[in-house]
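Got your viewer open and a selection box ready? Let's take a walk, one pick after another.

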Amino acid sequence: MFGTLWAVQAALSYLRAQGSGHIINVSSLLGLAAYPTTGGYSATKAAVEGLSDSLTQEVAPFGIKVTVVEPGPFGTEFNSSSAYSAPLTAYDDFREAVNASFATLPNPDPAGVGPALLKVVDTDTPPSRIFFGTFPLQVVPQVYAERVKGWQEWAELSAAAEAGSA
């Protein structure tokens, strides 16, 4: 998250001066839908999501566009090291089960990512968000539907908290 923030800060003065530009921030499906054993990684990607949402609004008056790329699983070494901290033995069985479920996910070749990024930056009306891969579109709508349902189910208490009558 901090690397993304610092790179954006370094580029913004140049982009503002030229009156245009396009910032691509890379998040993840895991920034929208956390899975067990990826809490730290998911938290950093959720931070990139929030940063990008705010940044989009802040830099639009300067002619700068922002796109957040939200890839699903790809054939990289992601699952072997980058998302995990030192494992605790208390979670060995659970972690093994989660890793087994991850092994069933699609594993597309990442070679298509570069050309896809170029298409995003070459368009006049780039998306503010884009999934890379098909798996996120299978997961995220369900996650968001469950969140909306929960918010609606608790709307009365939410209003009572605002009114001071909870």
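Helices here are DSSP runs of H or I at least four residues long, numbered from the N terminus. With that in hand, select arginine 95, which is found in helix α3. One thing to keep in mind as you go: you're looking at a predicted model.

**Stop 1: arginine 95 and its company**

Is arginine 95 buried or exposed? Its relative accessible area is 18%, and buried means under 20%, so arginine 95 counts as buried. Now show its contacts, skipping the neighbours within four places in sequence: you should find Thr37, Pro87 and Leu88. Zoom in on leucine 88, whose backbone oxygen lies 3.4 Å from a polar atom of the arginine 95 side chain.

**Stop 2: leucine 88 and the patch**

Stay on leucine 88 and look at where it sits: in the loop between β2 and α3, the helix of residues 92-102. Leucine 88 counts as exposed because its relative accessibility is 53%. Add Tyr91 and Phe94 to the selection and turn on a surface. Together with Leu88 they make a nonpolar surface patch of about 340 Å².

**Stop 3: helix α2**

Next, select residues 39-59, which is α2. Want a quick geometry check? At 1.5 Å a residue, the 21 residues of this helix should span 30 Å, and the end C-alpha atoms of α2 are indeed 30 Å apart. Colour the buried residues of α2: Tyr41, Ser42, Lys45, Val48, Glu49, Leu51, Ser52, Leu55 and Val59. What covers them includes α1 (2-18), β1 (21-26), β2 and β3.

**Stop 4: the salt-bridge network**

The structure holds five salt bridges. Which residues are linked in a network of them? Select Glu49, Asp53, Glu70 and Arg129.

Start with arginine 129 and glutamate 49: their salt bridge has its closest N and O atoms 2.0 Å apart. That pair links distant parts of the chain, with arginine 129 in strand β3 (residues 129-132) and glutamate 49 in helix α2, 80 residues apart. Glutamate 49 is buried, at a relative accessible area of 5%, while arginine 129 counts as partly exposed at 31%.

Move along to aspartate 53, whose side chain meets that of arginine 129 in a salt bridge of 2.7 Å, N to O. Aspartate 53 lies in helix α2 and arginine 129 in strand β3, so this pair ties together parts 76 residues apart in sequence. The relative accessible area of aspartate 53 is 35%, which means partly exposed.

Then pick glutamate 70, which forms a salt bridge with arginine 129, the closest N and O atoms being 2.6 Å apart. Here strand β2 (glutamate 70) is tied to strand β3 (arginine 129), so parts 59 residues apart in sequence are brought into a pair. Glutamate 70 is buried, with a relative accessible area of 2%.

**Stop 5: proline 61**

For the last pick, follow the chain into the loop between α2 and β2 (64-71), where you'll meet proline 61. Proline 61 counts as exposed because its relative accessibility is 67%. Finally, draw a C-alpha to C-alpha distance from proline 61 to alanine 10: they are 18 Å apart in space and 51 residues apart in sequence.

Note on methods. Residues are numbered from 1 along each chain as its sequence is written. This is a predicted model: local features need pLDDT of at least 70, side-chain atom pairs count only at pLDDT 80 or more; totals for chains, interfaces and linings use all residues. Side-chain values use heavy atoms; hydrogens and water are left out. Helices (H or I, at least four residues) and strands (E, at least two) are DSSP runs, numbered from the N terminus. Buried means under 20% relative accessible area, exposed over 50%, partly exposed in between (1.4 Å probe, protein chains only). Patches are made of residues with over 30% relative accessible area and no salt bridge: like charges are joined within 9 Å, nonpolar side chains (Val, Leu, Ile, Met, Phe, Trp, Tyr) within 5 Å. Accessible areas come from the Shrake-Rupley method with a 1.4 Å probe; for residues, only the protein chains shown count as cover. A salt bridge is a side-chain nitrogen of Lys or Arg within 4 Å of a carboxyl oxygen of Asp or Glu. The expected span of a helix is 1.5 Å times one less than its number of residues. Contact means heavy atoms within 4.5 Å. A polar contact is a pair of N or O atoms within 3.5 Å; within protein, one must be able to donate a hydrogen and the other to accept it, and residues adjacent in sequence count only if both atoms are side-chain atoms.
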